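Colleague: I've just opened this one. Please walk me through it, and spell out your terms as you go.

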Amino acid sequence: MDNEIFDFFNTDLQFIHGVGPVLAAKFNDVLGGRSVLDFLLHIPSYVRPREILDSVIGAQNGDTITISLQIKSHKKGGVFRGRRMPTQIVCADKFAAPVTIQFFNTKFLDYWTEKLPIGQWRIVSGKLDYNNRGGAIINHPDFIEVPENAYKIPKHQAIYPSGEGLTQKTFSAVRDQIFKIMHERIAAYKLSERMLEFLDALEHVHYPETNEDLAPNGTYMAKLAYCELYAHQSAIAINKRNRTESKITRPVRIKKYDLIPKFYEILPFELTGAQQRTIDEIFTDFQKPIPMMRLVQGDVGSGKTMVAMAAMVKMAETGAQSVLLAPTDTLAQQHFAKLKTMCDKLGLVCDILTGRDKGVNRREKLISLKSGRTKIAIGTHALFSADVEYKDLGLVIIDEQHRFGVSQRTTMRAKGNHPDMLALSATPIPRTLSMTVYGDMDISIINEKPAGRIPIKTTKLPIERVDALVQRIAPQVQNGSKVFWVCPLVEESEISDMTAAEERYEELKKHFHGTGLCHGQMDKKQRDKVMEEFADPNSQMRVLVSTTVIEVGIDVPSATIMVIENAERFGLAALHQLRGRVGRGNLQSYCILLYGNNVSPDGIKRLDVLCETDDGFVIAEQDLMMRGVGELLGTRQSGWIQYHFVNYREHRDLFKLAQTAAVNNNSEDEDWAKTLRQIFNCSTVAGA
Ligand code: ADP
Ligand code: MG
């Protein structure tokens, strides 16, 4: 039975040999879950060949090479006359060509000189860089092995999209464990032919030999993509059928109080036409006997929160409760701070519930929710923990909806009697796709920004100009402007991924006293603290250096400058999201896209799109057309459904095929469809 394998799929990664709770938590950050299945659905983005070369002679700048080197001498690094110098291990290859290995992290000064004694040979693998005097350099090699252990360096290395604190070596070790166990299990279970083929395709993409194996239209990827689309399309088809045939109904709620007129009175601004139209659409849905399933798409800063507030106030008129789910603590706090004031004026009890609430405090909040006293609850996942009960949950709003899995939506729904669902999404999906992707939802579009917004000035700049940039922003920082400075994750390195942000932080601290640092290896409390300090208009923290952990949707009105390093490594939609964190006040804001030396012409073209337009829909279309095969960072924030195998650009035909197949499903296929829905986490409204 195919179902048997879910025991294994659902195993927590912490129980896989060599993982444990700490690593499992890090995997959770990257995979968005911590089960074996979550790992299996996270596939490498490309293959890096690592055949052993005899000599560096002939290798190109930027090549990844694996080579035997003999250690000739050491030059210890450190800080000299204010400059940070790397530790250098000077080596020679078999043809006596010199190669220098460099380590920048000064905390590990003695480690490398001890580990690499003079005279010995090592097999070293990493990216080759020529310095400006033509010397061959390998910075922070990915592998250093004694010659007997050369076999430990893979000939074809699968490179996984990673996150902070997870090296490629960890990924491949965990993968090996998982497939080892899987082979044992497969022998014991009686799996269907379809399941075996599915698992076989999975194995091939986790052990790719060439990039062809990972190409969207390669045999294995296309097969997996089809399975994934079929899972989604069958869920959509069922939801749609249930809705159009009104199989799921709920009584229309009766208004008991008048709150909306007062709401309009206390609004601090005029609503835009698009906001008003969306609110009207929601209010109309409330009058229908079928539960609302509406997606609001509105660009960053288009004012979706107030639309959500209007919906919650309307719901409160009937005496029912609403929840507003935010993807992070900080965002929940921010929503709460804003909306609580309005609720107070309306006489509505509004509360916040996040993972931070513990003990008596939490118990009291739960009592208030259960009794129905709290009408508007704002928070995170904590809002649908098993022990949270509602008296009468009428409306569930999900902010930045793509961050919540379909199954979580279902859990939330189960807390009430078919509550209305409203999803808010900041990155518009191209119209050409929205039918197949959100086919079971009604869509409102907020295509208008509040009046008086000054467009953000966006420019691109090569990284060499960074000093000039610092000079240029200094006076503005003096005058109180706040700066987000985003460094992307370093894909892999021996020591850690946070070096880039850390080094930039050290550098900027010399120029700006109030500089903060925030990255994923700090614990969540520390991270939130830094973020809150930066957001506080009275604090002296003016520059925040961070990796992309800074929250989507965070509102810091005094932030007017956004600097993004290695911008070419992000997807367009992710860049647009990041940029949306400035330009929220009434001051001129700037976004500076810094690009690295190895930027491709396509990379430059992508950045140009950002410089030229601020329209999220245009950017989404362009993103779709230009999106590569998943080489980009930040796709998690792209705002579209996060497919694992599906490539929006390459698989357009498969969308249609899967849709047709799902609509014409026969009962024989339904078993397999159900299994696939389970694998891809696409539950339906009916819960099947
Ligand atoms: P998003 O759509 O990105 O969630 P928000 O709801 O956070 O946007 O709104 C961004 C900012 O614009 C907030 O500070 C909000 O108070 C303000 N705002 C929202 N609607 C209007 C409006 N109609 N006129 C002026 N300011 C508005
Ligand atoms: Mg928002």
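Modeller: Two strands pair if DSSP finds at least two bridges between them. Helices (H or I, at least four residues) and strands (E, at least two) are DSSP runs, numbered from the N terminus. The model is predicted: local features need pLDDT of at least 70, side-chain atom pairs count only at pLDDT 80 or more, and totals for chains, interfaces and linings use all residues. Residues are numbered from 1 along each chain as written, chains are lettered from A and ligands numbered from 1 in written order, and side-chain values use heavy atoms, leaving out hydrogens and water.

Colleague: Fine. What is the bridge partner of L324 in β16?

Modeller: L324 is matched with I397 there. The pair belongs to a parallel run of five bridges between strand β13 (residues 321–325) and β16.

Colleague: And on the β17 side, how many bridges does β16 make?

Modeller: Four, again in the parallel sense. One example is I398, whose bridge partner in β17 is A423.

Colleague: How many residues of β16 are buried?

Modeller: Six of its six, leaving the strand mostly covered. Buried means under 20% relative accessible area, exposed over 50%, partly exposed in between (1.4 Å probe, protein chains only).

Colleague: Zoom out. What is the strand order in that open sheet of seven?

Modeller: It goes β14-β15-β13-β16-β17-β12-β18, with parallel pairing. At the edges sit β14 (350–353) and β18 (442–446), each pairing on one side only. On average, neighbouring strands are turned by 20 degrees against each other, direction ignored. Axes here are lines fitted to C-alpha atoms, for helices over the stretch in contact; angles run from 0 to 180 degrees between N-to-C directions.

Colleague: Which strands does helix α9 touch?

Modeller: Helix α9 (residues 273–286) packs on the sheet against β12 (293–298), β16 (393–398), β17 (420–425) and β18. Contact means heavy atoms within 4.5 Å. The α9 direction makes about 160 degrees with that of β18.

Colleague: Back to the β14 edge. What holds β14 to β15?

Modeller: Four bridges join β14 to strand β15 (residues 376–379), and the two run parallel. C350 stands opposite I376 in β15.

Colleague: New topic: the ligand. Which residues are closest to ligand 1?

Modeller: E270, G301, K304, T305 and R453 are the closest of 17 residues around ligand 1. To count, a residue needs a heavy atom within 4 Å.

Colleague: Where are the polar contacts of G301, G303 and R453?

Modeller: On oxygen atoms of ligand 1. G301 offers a polar backbone atom at 2.6 Å. G303 has a backbone N or O atom at 3.0 Å. R453 uses a polar side-chain atom at 2.7 Å. A polar contact is a pair of N or O atoms within 3.5 Å; within protein, one must be able to donate a hydrogen and the other to accept it, and residues adjacent in sequence count only if both atoms are side-chain atoms.

Colleague: How much of ligand 1 does the protein bury?

Modeller: 84% of the 570 Å² that ligand 1 exposes when taken alone. Accessible areas come from the Shrake-Rupley method with a 1.4 Å probe; for residues, only the protein chains shown count as cover.

Colleague: What about the open sheet of six strands, what's its order?

Modeller: β19-β24-β23-β20-β22-β21, paired in parallel. β19 and β21 (515–518) are the edges, each pairing on one side only. The twist averages 15 degrees from one strand to the next. Helix α15 (residues 466–478) packs on this sheet, touching β19, β20 (482–486), β22 (543–546), β23 and β24. The α15 direction makes about 155 degrees with that of β20.

Colleague: Why is β24 called largely enclosed?

Modeller: Five of the six residues of β24 (residues 590–595) are buried, so the rest of the structure largely encloses it. Strand β19 (residues 457–462) pairs with β24 over six parallel bridges, including T458 with C591. Strand β23 (residues 559–564) adds four parallel bridges to β24; V563 has I592 as its partner there. Helix α19 (residues 601–612) lies across β19 and β24, at about 155 degrees to β19.

Colleague: Last one: is R250 buried or exposed?

Modeller: Buried, because its relative accessibility is 7%. R250 sits in the loop between α7 (219–244) and α8 (260–266). Its side chain reaches the backbone oxygen of F286 at 3.5 Å. Beyond neighbours within four places in sequence, R250 has contacts including D285, K288, N417 and D420.
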